[in-house]
Number of protein chains: 2
Amino acid sequence: MADGPTITTIAERAGVSIASVSRVLNGLPTRQETVRKVMAAADELGYVRNAVARSLKSRRTHQVAFAMADIGNPAYLAMLREIQPVLKAAGYRLVLHSTDAVAADEIDVLHSLGERYVDGLIMSPLRVTETHLRMLATARAPVVIIGSVPDGTPVDNVRADSRTGVRLAIDHLHMLGRRRIGMVNGPLDTVPGAARGAAYREALAAVGLPYEEKLVEIGDFYRAEGRRAVATLLRRVPDIDALMCANDLIALGALDVLRAAGKRVPQDVAVVGMDDTDLAAASWPSLTSVSLGSAERGKAAAELLLDRLRHGDREPRLVTVLPRLVVRASTAGEASEGGRSS
Amino acid sequence: MADGPTITTIAERAGVSIASVSRVLNGLPTRQETVRKVMAAADELGYVRNAVARSLKSRRTHQVAFAMADIGNPAYLAMLREIQPVLKAAGYRLVLHSTDAVAADEIDVLHSLGERYVDGLIMSPLRVTETHLRMLATARAPVVIIGSVPDGTPVDNVRADSRTGVRLAIDHLHMLGRRRIGMVNGPLDTVPGAARGAAYREALAAVGLPYEEKLVEIGDFYRAEGRRAVATLLRRVPDIDALMCANDLIALGALDVLRAAGKRVPQDVAVVGMDDTDLAAASWPSLTSVSLGSAERGKAAAELLLDRLRHGDREPRLVTVLPRLVVRASTAGEASEGGRSS
DNA sequence: CCACACGCCGTAAACGTTTACAGCGATTTT
DNA sequence: AAAATCGCTGTAAACGTTTACGGCGTGTGG
């Protein structure tokens, strides 16, 4: 133990100066003999470089932070799974922040960039407030935002296109002959909630269906809330024939309630989720879901950040990831066992 | 920009020494007037403490690392979800390492503890080698291991009891009248693989069933491999009536194959998974699964680590989390729609 | 009126690196 | 043979904090 060896310890043992030790350890040109002595001493002592001291001097920590709203949400986990290897390959460590959807926590994270314990940040805020924007403008380290920021915000940005995503889903449902398409959304003051709500309205118009208040129910982005919301909706509109759910968790809740109510999916009610998480493929009936490319967005964000870390003064970039409708049994099913007759 | 303010900048502006600034910022006793001046200066400058410099001096980084085999595995994610808030509440940041089940990477993580960029480590190694143990003994920071280490290893340790877990499952299946209970396991040279394999054998003996080679198939801990393994098993033993799967992913693969083969679950074949991940509740039929308490283990590990960080020289502790059988439709089902009569 | 205590504060050292600069011996150039 | 060059090395400063120590001014007690 005894307070691990430092370059000073090595210098003494090898009979050279600490500068030489540092040079050897960093592979700078040095006489063979010196290299040998230093290496030998370092090995014997079991020396490991102190990353903190190095960071203080070099002003780089080789750490990057990822801040997400809710570590329990599989969509963020999908991003995380892509971000991690990209950063790792580039020699960065990943620091995780779960802000629990509290705006103050997000601001905190932004603020803490000033502490310089990370070289950059990838953040996926649920809501983007004035304060967010102000702090972004003066952030002390590069930031990549996953999610929409106002045009012109000087920040690298990766977006999903939930508008087109919802459109794909509604088109699909419409093509299947559904005409009473409900929407189960999350809070309207969140970025995704607002976007998906507006997109639903728009998509209905595009296929020539009227927008009806009673077909919309707002809850939260969780399964239990999904159940509650769908139960309410079902009571209000018993003959609803399709449900557009703002994420997969809500959709799973919908499946629970529909099953309990004796409605067949998709024959009586078709269900579409969003985010295309692992759960969509695992559920039964398997869930048709709009992939907003969580994985791709995570990857793109990590790559944008790395690029920015390398060439500091690029123009801010905007990457938009295209949505994709993954059709499964909850809309197009029938191939499945149960169902059909009786 | 201009290279953010430091305590020196503040000191100049407030007309005091850097020592005073530091004292004010740390809430040490100081004259009111000085406090006021320093605070004012700090505010105007938008000062944020440099965490790196602080860490260098104080020898604490307020960071903790979590190293897991595979960030794609929901069981680890469940741990992560519990670890994160516990650490956050205690003021620690979480640094993530996914070692991709490569032992060398795990050793690397252990080694890098010497870099002192974290105050402690929670690690869940897939295999525990001699090298692991050697490095644990000389680790430069507290480590908590999730998973089994040899008795007497001087390290805080959180274990699942997969032996009892498998036992619960086999008992359950036996009680349901199943007599040809197969096992689909992961690699035998991993800690969980070995444990679960042995436990299966033991549990069979306990209920008086013979152990038969042909009922066991080894694959890997993924869904695709689960499908392959179960397909093989089904060909070899067409009248198998239950499957004990070494994790939920394998079990989902089993459901896929059984459905495709026209076998009813649970009527023809009962299926049990392990880890009780989110997927188990989402699948159809919902999956009976042995919870090994991933969440509890993560939580316990985080708490052990925090405790150790506070009172350095405690005796190493061992926490064992009890398994729990979560019975769902894949063994006790029938309440579900389809099935029964053709 | 001196001694002492006490509350605040500034000076300086320390944490463990990296790196600019100057020095030094050996070799090459003039 | 003196001067210039070159390769290597050591000294010292710097990164931004925290903190031991001593000094100074004020108030109290003798």
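Analyst: Let's start with a rule: two strands pair if DSSP finds at least two bridges between them. Keep in mind that this is a predicted model.

User: Okay, what makes strand 2 of chain A and strand 2 of chain B a pair?

Analyst: Just check the count. There are 3 bridges joining strand 2 of chain A to strand 2 (residues 93-98) of chain B, and the rule asks for at least two, so the strands pair. They run antiparallel. For one partnership, look at Leu96(A), whose bridge partner in strand 2 of chain B is Leu94(B).

User: Which elements of chain A give two or more residues to the side that touches chain B?

Analyst: The contact takes 36 residues from chain A and 37 residues from chain B. On the chain A side, the elements giving two or more are helix 4 (51-58), helix 5 (74-89), strand 2 (93-98) and helix 12 (278-282). By class, that side has 16 nonpolar, 12 polar and 8 charged residues.

User: How do you know how the two copies are related?

Analyst: Lay chain A on chain B: a turn of 180° and a shift of 0.1 Å along the axis give an RMSD of 0.2 Å. The two copies are therefore related as by a two-fold rotation axis. The same surface serves both copies, since 100% of the contact residues of chain A recur in chain B.

User: On to the DNA. What makes a residue count as near DNA strand D, and which come nearest?

Analyst: The C-beta atom, placed from the backbone, has to lie within 6 Å of the strand. There are 28 residues around DNA strand D, and Ala19(A), Arg31(A), Thr34(A), Ala19(B) and Ala53(B) come nearest. Helix 2 (18-25) and helix 4 of chain A each supply at least two residues of this surface, as do helix 1 (7-14), helix 2 (18-25) and helix 4 (51-58) of chain B.

User: And which residues are closest to DNA strand C?

Analyst: Those are Ala19(A), Ser22(A), Asn50(A), Ala53(A) and Ala19(B), out of 29 residues that surround DNA strand C. By class, the surface near DNA strand C has 11 nonpolar, 10 polar and 8 charged residues.

User: Last one: why are some residues of helix 6 of chain A called buried?

Analyst: Being buried takes 20 or more other C-beta atoms within 10 Å of the residue's own. In helix 6 (residues 103-112) of chain A, the buried residues are Glu106(A), Val109(A), Leu110(A) and Ser112(A), so each of them meets that cut-off. The buried residues of this helix pack against strand 1 (63-68), strand 2, strand 3 (120-123) and helix 7 (130-137) of chain A.

Terms used: Residues are numbered from 1 along each chain as its sequence is written. Chains are lettered from A and ligands numbered from 1 in the order in which they are written. This is a predicted model: local features need pLDDT of at least 70, side-chain atom pairs count only at pLDDT 80 or more; totals for chains, interfaces and linings use all residues. Two residues are in contact if their C-beta atoms, placed from the backbone, lie within 7 Å. Helices (H or I, at least four residues) and strands (E, at least two) are DSSP runs, numbered from the N terminus. Ala, Val, Leu, Ile, Met, Phe, Trp, Tyr, Cys and Pro count as nonpolar, Asp, Glu, Lys and Arg as charged, and the others, Gly among them, as polar. Copies are superposed by least squares on the C-alpha atoms of residues with pLDDT of at least 70 in both. A residue is buried if 20 or more other C-beta atoms lie within 10 Å of its own, exposed if 12 or fewer, and partly exposed in between; C-beta atoms are placed from the backbone.
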